[in-house]
Amino acid sequence: MNLSQYFKNFFNNSQASGIILIFCVLISLLIANSSAAESFQHFLDKEVGTHLFGLEYPVSIWINDGLMAVFFLLVGLEIKRELVEGELSSFKNASLPIFAAVGGMLVPAVIYSIFNTGTEYSNGWGIPMATDIAFSLAIISMLGKKIPNSIKIFLAALAIVDDLGAILVIAIFYTDQIHWTYLLLSFGVTALLFILNFLKVTKTIFYIIPGLFLWYFLHHSGIHATIAGVLLAFSIPTNASNVEISPLEKLEHQLHIPVSFLIMPIFALTNTNITFSSEMVAGVTSTLGLGIIFGLVVGKLVGINLFSLIAIKLKLSSLPQNSNWTQMIGVGLLAGIGFTMSIFIALLSFKGEILIQDEAKFAILIASFIAAVLGFTILSLSSKGNIPEED
């Protein structure tokens, strides 16, 4: 095998992106707990851009709100393609991620509240509601073809609905002020994008340019700007044919490598820089830590599978194709990887309370690690061929 073919195979390997992501997590943790921690944080806090139109932000904001909008664009494109011609093209399959996501948000919030109602931590009920879509998809991608593609699509759809729910929670309960003018402009640009789709405009550039304005308006409205990627994705034209390559499929193909091997590793490298302290460890056994850990690990698992079971028993939904309940349990656990979105909500929940924020971060890290290991293990075991499949 020549060198060019080796690199081609590497970049087409879904497991490779997951391995690189985990490597970046470890590097980030090492940096955060070394003498380079202060310099690295200074770099992330450094403002870049231009004062013109208010586009000067810290490096961390450009990564989390800018680059990750591109990640959400790719995931949104994959979901839309599956809705039109794939695993989610039937109502029963498409509805299951929605029911699962609702359960995966409500049950963790209830569990956290049971631990913390009436305490100084009560405002953090939104922390275990979130799923980190980037990390959960990276972990499941490491399984390659060991699990059916329908399970990966289900997790992606579930995580998007979950993230949209988390964004709404942030906007309603944790945002100090929504700038309605910018929000209305966002609605206007979104309408324009779907009008272009209706008029059968196929040139991608005519969607990308309004998409940039959509990101700008959403970011200034006070709502998490990454939703712009999903809205843009759903406006890109596609078709139900496997013969003709649509604008959506072309863009999806173009984004795969830069998202998997550049954007996601950068995201991991800059968002895992958690500096450990003794106070963090003490917080794990507090009601805050227990609420977060049980909420993310147990709450997500129970909520997703309970609401999925109810929807299936009521014949409103059906299991993803060629999947089984053991794999659904694995997905429920992977959805407990709250990580960056949970940390973001923790920072909003306890503004100015640095010690509480640190305790929450450590509990989120522990819960996400447990969820990732258990979810990966169960999904790996489910692929051994000794577990019967259900329709």
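A residue is called buried here when its relative accessible area is under 20%, exposed when that area is over 50%, and partly exposed in between (1.4 Å probe, protein chains only). By that rule Glu82 is buried, because its relative accessibility is 5%. The model is a predicted one, in which local features need pLDDT of at least 70 and side-chain atom pairs count only at pLDDT 80 or more, while totals for chains, interfaces and linings use all residues. Residues are numbered from 1 along each chain as its sequence is written, and side-chain values use heavy atoms, with hydrogens and water left out.

**Salt bridges**

The structure holds three salt bridges, a salt bridge being a side-chain nitrogen of Lys or Arg within 4 Å of a carboxyl oxygen of Asp or Glu. In general terms, side chains of opposite charge can pair when their charged atoms come close.

| Pair | N to O distance |
|---|---|
| Arg81 and Glu82 | 3.1 Å |
| Glu252 and Arg81 | 2.6 Å |
| Lys300 and Asp162 | 2.4 Å |

The pair of Glu252 and Arg81 joins distant parts of the chain, with Glu252 in helix α11 (residues 247-271) and Arg81 in helix α4, 171 residues apart. Helices are DSSP runs (H or I, at least four residues), numbered from the N terminus. Arg81, Glu82 and Glu252 are linked in a network of salt bridges. Within this network, Arg81 is partly exposed because its relative accessible area is 21%, whereas Glu252, at 11% relative accessibility, counts as buried.

Lys300 and Asp162 meet through their side chains in a salt bridge. This pair also links distant parts of the chain, as Lys300 belongs to helix α13 (residues 287-313) and Asp162 to helix α7 (residues 149-174), 138 residues apart. Lys300 counts as buried because its relative accessibility is 0%, and Asp162, at 2%, is likewise buried.

**Helix α4**

Helix α4 covers residues 59-85, and its 27 residues should span 39 Å at 1.5 Å a residue, which agrees with the 38 Å between its end C-alpha atoms; the expected span is 1.5 Å times one less than the number of residues. The helix nevertheless has a kink of about 35°, centred on Met68, where the bend at a residue is the angle between axes fitted to the seven residues ending there and the seven starting there.

**His219 and Phe376**

His219 is placed in helix α9 (residues 205-221) and is buried, with a relative accessible area of 15%. When residues up to four places away in sequence are not counted, His219 touches Tyr57, Ile61, Asp65 and Ala225, contact meaning heavy atoms within 4.5 Å. The side chains of His219 and Tyr57 also make a polar contact at 3.2 Å, that is, a pair of N or O atoms within 3.5 Å, of which, within protein, one must be able to donate a hydrogen and the other to accept it, and residues adjacent in sequence count only if both atoms are side-chain atoms.

Phe376 lies in helix α16 (residues 354-382) and is partly exposed, at 28% relative accessibility. Leaving aside neighbours within four places in sequence, Phe376 is in contact with Ile139, Met142, Leu143 and Leu334. Phe376 and Ser349 are 27 residues apart in sequence, and their C-alpha atoms are 30 Å apart in space.

How values were computed:
Helices (H or I, at least four residues) and strands (E, at least two) are DSSP runs, numbered from the N terminus.
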